[in-house]
Amino acid sequence: MRRRLILPVAIGLGLIAGLLPLGAAFYLSRERAVATEQEHLQDYARWTLQRADLAISRAKAGLRRLVMENHDLCTPRHLQRLQQITMDVLSIEDIRVFRNDRLVCDSRGPAQRLVSMAKPNVMISDDIGLTLGWGMGSPFPEMLVVSFGPYQALLNRDRLVDVLHDTPMTLGIATLDGRLVAKSGVTNSRMVDQLSSSEMGGSTDREVFASVRGSDFRAFAVSERSVVDARTSEELWKLLPIAVAVSALVIGLIIWMSRQRMSLAGELRTGIAYREFIAHYQPIIELATGRCVGAEALIRWRKPDGTWVRPDLFIPYAEEHHLIAPITDIMIERVLDDMKAALQSDPSLHIAINISAEDIQSGRFLNVLEEGVKRTEINPEQIWLEATERGFMEADAARGTIARARQLGHAVAIDDFGTGYSSLSLLESLPLNVLKIDKSFIDAIGREAATSIVTPAIIEMAHRLKFVLVAEGIETEQQDRYLKKAGVEFGQGWLYSKALPPKDFLLFYSTHNKPFI
Ligand code: C2E
Ligand code: CA
Ligand code: CA
């Protein structure tokens with residue numbers, strides 16, 4: 001990802017990551033609140049059903065007993081039994097006795113008024129009838145009438161649904177064919193009608209509801225949405241710490257990742273992914289003739305904001321963080337692309353590519369190079385490789401890579417010669433064929449008496465070992481003259497040219513590759 005995008009993207013992701021768990025916590029707590037409330041209502045519906053079943057079955061049992069006792073109707077003894085059962089069975093308010101559908105007496109005594117028998121509108125057993133909502137008119141409450149034989153028990157309907165509840169709710173009882181028997185509470189009649197006629201559980205914008213079915217009745221419970229809202233905030237307090245912790249964790253992770261991305265390693269990865277590296281070319285001069293015979297490819301990192309990063313700032317870092325291999329690959333491809341035409345048309349031109357210690361150890365880059373050289377039909381002898389002494393520490397691995405490179409036709413140079421610690425015998429044992437004298441020895445020419453003894457010694461030794469010599473960092477005419485006289489074949493330095501962009505180098509090459517002395 002581009003560096004300037006990292007911050008906005010991180011902020012965007014951070015916002016999402018921060019809000020998502022919170023949103024999920026709100027959503028989940030609502031869902032859980034509804035589910036919990038539904039279970040709660042289910043319990044109450046079950047208890048209501050039990051209570052109604054119990055009240056009605058007790059009334060049935062009382063009437064059955066009276067029928068079995070086979071009383072002469074309305075005798076003092078019979079009236080006493082009526083009173084007793086009315087007292088014993090809590091839900092029974094009164095028991096009435098009929099003959100030929102006419103009231104003859106009730107638990108208080110012989111009938112005073114002409115009252116006809118309530119017609120049962122539901123049969124709950126074969127012989128027990130129920131009359132729903134029978135009344136004598138205001139102000140008397142409507143009763144539930146249980147009929148058996150000549151008897152009718154009047155039941156207070158409120159008692160059927162008289163279940164103590166901990167939160168506000170409506171409780172109801174209905175017959176299985178969907179007729180409301182009793183209800184407590186204020187829920188709207190449409191909801192009550194629906195719940196009376198079928199078993200339902202669920203929620204709407206306004207209510208949550210649940211129902212259960214028994215053998216004779218169906219019971220239901222409904223609560224207002226406000227109860228759920230109260231439960232929601234309860235659940236939310238439980239979930240919120242988890243949500244906050246998850247948000248914090250994810251935001252922390254995003255911050256960590258974006259810092260990583262914005263670190264040099266992250267930038268390098270980005271640079272590699274977007275191939276932000278290009279090659280500049282520093283001309284290499286044949287000292288005796290002053291002709292340009294080649295160039296060293298030097299990496300340049302141009303960041304998207306237009307700034308340039310010097311290789312000595314990022315190459316050691318890339319080596320340390322094992323990011324050098326893809327950089328080497330990019331450089332190989334750049335050189336082949338930039339110089340393909342020039343290398344093909346002029347077999348005397350060569351380009352030197354810098355290879356890191358890790359590359360020398362693994363030898364992996366040679367596959368990329370071999371494939372590239374084949375693809376571009378360049379003579380491998382025109383590609384030189386440069387590596388510092390650090391690359392030769394693991395001598396066996398280095399020997400394999402160098403030997404293979406030589407076999408493929410490449411010249412291999414030891415770079416920065418004289419600055420490392422490798423022994424001469426090690427160098428002799430490696431199949432190297434070019435030696436680049438480090439700039440520090442060139443700087444010493446004509447200045448420090450002590451080093452100027454070392455420089456001729458290096459040159460002499462290199463000649464003895466049949467190395468091709470390249471002097472680096474030549475800045476003065478004096479150095480040029482000295483090296484020429486000492487028989488150093490090639491040189492590079494600001495005296496001739498700095499590293500140039502591909503086009504500029506090609507122009508330089510075309511004007512400097514003819515002998516001018
Ligand atoms: P090096 O391989 O020793 O490259 C020579 C460095 O000396 C270059 O610096 C070059 O611009 C500079 N130089 C050449 N002539 C003169 C001169 O007359 N005076 C002075 N003061 N400097 C001169 P640069 O391009 O900054 O590269 C620095 C180092 O970065 C290179 O040293 C090399 O170690 C590394 N490097 C550059 N390109 C690559 C690459 O493609 N791959 C790898 N692995 N390392 C690279
Ligand atoms: Ca070099
Ligand atoms: Ca060098």
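Donors are N, O and S atoms within 3.2 Å of the metal in the case of Ca, and water is not among the atoms, so sites may look incomplete. With that in mind, the donors of the calcium ion (ligand 3) in this predicted model follow the spacing D-D-x55-E along the chain. The protein atoms concerned come from Asp 415 (OD), Asp 416 (OD) and Glu 472, the last of which is listed with two OE entries, and they lie 2.1 to 2.5 Å from the ion. Asp 415 belongs to strand S18 (residues 411–417), while Glu 472 sits in the loop between strand S20 (468–471) and helix H15 (477–485), so this pair ties together parts that are 57 residues apart in sequence. Both Asp 415 and Glu 472 are buried.

A second calcium ion joins the picture through a shared ligand. Asp 415 bridges the calcium ion (ligand 3) and the calcium ion (ligand 2), and the two ions lie 3.9 Å apart. Around the calcium ion (ligand 2), coordination is provided by Glu 296 (OE), Asn 354 (OD1), Glu 386 (OE) and Asp 415 (OD), at 2.1 to 2.3 Å. The spacing of these donor residues in sequence reads E-x57-N-x31-E-x28-D. Two of them sit in strands: Asn 354 is in S16 (residues 350–354) and Glu 386 is in S17 (residues 383–388), so the pair ties together parts that are 32 residues apart in sequence. As for accessibility, Glu 386 counts as buried because its relative accessibility is 2%, whereas Asn 354, with a relative accessible area of 29%, is partly exposed.

Turning to helix packing, the axes of H10 (residues 365–376) and H11 (residues 395–408) come within 11 Å and cross at roughly 5 degrees. The two helices H10 and H11 are therefore roughly parallel to each other. Phe 365, Leu 366, Asn 367 and Glu 370 make the contact on the H10 side, and Thr 401, Arg 404, Ala 405 and Leu 408 make it on the H11 side. Sorted by class, the contact of H10 with H11 has four nonpolar, two polar and two charged residues.

The backbone also deserves a look. Most residues other than glycine have a negative phi. Glu 377, although not a glycine, has a positive phi of about 55 degrees. This residue, Glu 377, lies in the loop between H10 and S17, and at 66% relative accessibility Glu 377 counts as exposed. Arg 275 likewise has a positive phi, near 50 degrees. Arg 275 is placed in the loop between helix H6 (264–273) and strand S13 (277–286), and with a relative accessible area of 35% Arg 275 is partly exposed.

Methods. Residues numbered from 1 in each chain as written. Chains lettered and ligands numbered in written order. Predicted model: local features only at pLDDT ≥ 70, side-chain atom pairs only at ≥ 80, totals over all residues. Heavy atoms only, no water. Axes fitted to C-alpha atoms, helices over the stretch in contact; angles between N-to-C directions. Helix = DSSP H or I, 4+ residues; strand = E, 2+ residues; numbered from the N terminus. Parallel < 35°, antiparallel > 145°, perpendicular 65-115°, else oblique. Contact = heavy atoms within 4.5 Å. Nonpolar A, V, L, I, M, F, W, Y, C, P; charged D, E, K, R; others polar. Donors = N, O, S within 2.8 Å, 3.2 Å for Na, K, Ca; no water. Buried < 20%, exposed > 50% of the residue type's maximum accessible area, 1.4 Å probe, protein only.
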